[in-house]
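This report describes one protein chain for a reader who has not seen it before. Please look over the sequence and the model shown here before reading on.

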Amino acid sequence: MTQAGMTQANHGRGERQCTATRKTTGARCGNSPILGGTVCRYHGGGAPQVKARARERLLAMVDPALTELSRLLRKSKLDPVRMAAVKDVLDRAGFRPIEEVDVTISNIISTLQARIRRIDGPDDNLEV
Ligand SMILES: [Zn+2]
């Protein structure tokens, strides 16, 4: 990566960066490109043909990625590499650990009722 490519802290960690440059300063754009693309949505990444090409590039990488993942799973002698490959395969096959979010509706309702009372004043007929 060039020095200009590391203008923002997060890009110094290997994250991708839009390849466009600003017209006024010539500095490289600091935004992340669209997935599978090279430019951000402000520099053409939102155009239908650019999005379609980005999707084609991503889809073209699926088979080689699966082949490599399969090879790592079968051949790697490094446990962390094999473990990552196993997790990837299981995640993509739908065997991902369930992440539960405990949302208590009654708390949300009482919070909303309190906000409504602050705005409108007390109302005994307020029921949700
Ligand atoms: Zn950009």
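## Packing of α2 and α3

In this predicted model, L69, L72 and L73 of helix α2 are in contact with V81, R82, A85, V86, D88 and V89 of helix α3. Sorted by class, this contact is made up of 7 nonpolar residues, 2 charged residues and no polar ones. Helix α2 covers residues 62–75 and helix α3 covers residues 79–92. Their axes are 8 Å apart and meet at an angle of about 130 degrees. Angles over 145 degrees count as roughly antiparallel and those from 65 to 115 degrees as roughly perpendicular; α2 and α3 are therefore oblique to each other. The crossing of α2 past α3 is left-handed.

## The chain as a whole

What does the chain contain besides this pair of helices? The chain has 4 helices and 0 strands, and its elements follow the order α-α-α-α from the N terminus on. Of the 128 residues in the chain, 8% are buried. Contacts can also be sorted by how far apart the partners lie in sequence. Taking the contacts between residues at least 6 apart in sequence, 3% join residues at least 24 apart.

## Helices α2 and α4

Two of the helices can be checked for length and for cover. Helix α2 has 14 residues, which at 1.5 Å a residue should span 20 Å, and the C-alpha atoms at its ends are 20 Å apart, so the two values agree. The count of buried residues in α2 is 0, and this helix is hardly covered.

Helix α4 takes in residues 105–120. For its 16 residues the expected span is 22 Å, and the end C-alpha atoms are 22 Å apart, which agrees. The number of buried residues in α4 is 0, so α4 lies largely in the open. Just after α4 comes G121, with a positive phi of about 90 degrees.

## Buried residues before α1

Where do G37, V39 and Q17 lie along the chain? G37 is placed in the segment before α1, a helix that covers residues 48–60. V39 is in the segment before α1 as well, and Q17 also lies there.

A residue counts as buried if 20 or more other C-beta atoms lie within 10 Å of its own. G37 is buried because it has 24 C-beta neighbours inside 10 Å. Q17 has 23 such neighbours and so counts as buried. V39 has 20 other C-beta atoms within 10 Å, so V39 is buried too.

Each of these residues can be paired with a residue elsewhere in the sequence. The table gives the separation along the chain and the distance between C-alpha atoms.

| Pair | Apart in sequence | C-alpha to C-alpha |
|---|---|---|
| G37 and V50 | 13 residues | 7.5 Å |
| V39 and R16 | 23 residues | 9.7 Å |
| Q17 and G30 | 13 residues | 6.3 Å |

Which residues does G37 contact, leaving aside its neighbours within four places in sequence? G37 is in contact with G45, V50 and A54. Given that α1 is 48–60, V50 and A54 belong to that helix.

V39 has its own set of contacts. Not counting residues up to four places away in sequence, V39 touches C18, T19, A20, P33, G44 and G45. G45 is thus listed among the contacts of G37 and among those of V39.

Note on methods
Residues numbered from 1 in each chain as written. Predicted model: local features only at pLDDT ≥ 70, side-chain atom pairs only at ≥ 80, totals over all residues. Axes fitted to C-alpha atoms, helices over the stretch in contact; angles between N-to-C directions. Parallel < 35°, antiparallel > 145°, perpendicular 65-115°, else oblique. Left-handed = near helix turned anticlockwise from the far one by under 90°. Contact = placed C-beta atoms within 7 Å. Nonpolar A, V, L, I, M, F, W, Y, C, P; charged D, E, K, R; others polar. Buried ≥ 20, exposed ≤ 12 C-beta atoms within 10 Å, placed from the backbone. Expected span 1.5 Å × (residues − 1).
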